[in-house]
Amino acid sequence: MKSIIVEDGSVEEAVQSALKNLEAKREQVEVDILEEGSRGFLGFIGGKQAKVKVTLKETPEQLIKNFIDEVIGVMELNVDYNVFLANEYWCVEFQGEDVRFLIGRRGKTLNALQMLTNLAVNRKLADRIRIIIDAESYRKRREETLRRLARKTAERVCRTKADVTLEPMTPQERRIIHLELQDSDRVVTLSRGEEPYRKVVIRYNLKGA
């Protein structure tokens, strides 16, 4: 975090000087008053300047980048990434020759990285944010696969009249299954278990029979 120490006639003047130097707004910084300062006799004799330490708050984007850079460094991966805000989600998009190692089998490594990034970043923020991590549009391809899986499994449930429990999925993946089958009058879906092993159950709808 970038910090500067500024002295001026008053605390407020010192803060304003620091904000100008940092090119920041008041809500973007933390202020520590090191010395209150005093005007002295007759307003100027023996006066003492105020001293403040002004620190730029870490933004969600910077916190995400700090954590991702640390992970990439430890894994020694040859990848690049972009961080951007879209529809109230902070998104990280990876590209590069080593992205396959980030994705892992059925996206398990990518999901683990997403979970860890959310935990690490939100621990340092007052207001919770949601982070989605993708690699060369893997999640879009995964979504199409999950939609097909939902329809195929629903057909199986209708034939056998028996529940089918899918593999553990992330909240985003479970939501895809639920949405794909929400208009069906032949099956219903529910989630069962505890994170990170929570699963979707597809059940035959006796009321729709």
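This tour goes through a sheet, the helices that lie across it, and two pockets, in a model that is predicted.

**The sheet**

Begin by selecting residues 80–86, which are strand 4, and residues 131–135, which are strand 6; these are the edge strands of the sheet, and each of them pairs on one side only. Add residues 89–95, strand 5, and you will have the partner to which strand 4 is joined by seven bridges, the two strands running antiparallel. With the three strands displayed together, the sheet can be read as open, in the order 4-5-6 and with mixed pairing, while the twist from one strand to the next averages 20 degrees. For a single cross-strand pair to centre the view on, pick tyrosine 81, which stands opposite phenylalanine 94 in strand 5.

**The helices across the sheet**

Keep the strands on display and select residues 60–75 next, since helix 2 is the element that lies across strand 4, strand 5 and strand 6. Relative to strand 4, helix 2 runs at about 155 degrees. Then select residues 108–122: helix 4 lies across strand 5 and strand 6, and its direction makes an angle of about 150 degrees with strand 6.

**The largest pocket**

From helix 4, move on to the largest pocket, which holds about 680 Å³ of space. Of the 22 residues that line this pocket, select Asn111, Met115, Thr170, Pro171 and Pro196, the closest to its centre. Which helix supplies the largest share of the lining of the largest pocket? That share, seven residues, comes from helix 4, and helix 6, residues 171–181, is another element that supplies at least two residues. If you colour the lining of the largest pocket by class, you will find nine nonpolar, five polar and eight charged residues.

**The second largest pocket**

Finally, turn to the second largest pocket, where the space comes to about 580 Å³. Its lining has 23 residues, and the ones to select for a view of the centre are Ile132, Arg139, Glu143, Gln172 and Ile176, which lie nearest to that point. Here the strands of the sheet come back into the tour, because strand 4, strand 5 and strand 6 each give two or more residues to the lining, as do helix 5, residues 138–160, and helix 6. Helix 6 gives the most to the lining of the second largest pocket, with six residues. Coloured by class, this lining shows nine nonpolar, four polar and 10 charged residues.

Methods: Residues are numbered from 1 along each chain as its sequence is written. This is a predicted model: local features need pLDDT of at least 70, side-chain atom pairs count only at pLDDT 80 or more; totals for chains, interfaces and linings use all residues. Side-chain values use heavy atoms; hydrogens and water are left out. Two strands pair if DSSP finds at least two bridges between them. Helices (H or I, at least four residues) and strands (E, at least two) are DSSP runs, numbered from the N terminus. Axes are lines fitted to C-alpha atoms, for helices over the stretch in contact, and angles run from 0 to 180 degrees between N-to-C directions. Contact means heavy atoms within 4.5 Å. On a 1 Å grid over the protein atoms alone, a cavity is a set of points where a 1.4 Å probe fits but cannot get out, and a pocket is an open set with protein on both sides within 12 Å along at least five of seven lines; lining residues have an atom within 4 Å of a point. Grid points are joined across faces, edges and corners, and a volume is the space filled by probe spheres set on the points. Ala, Val, Leu, Ile, Met, Phe, Trp, Tyr, Cys and Pro count as nonpolar, Asp, Glu, Lys and Arg as charged, and the others, Gly among them, as polar.
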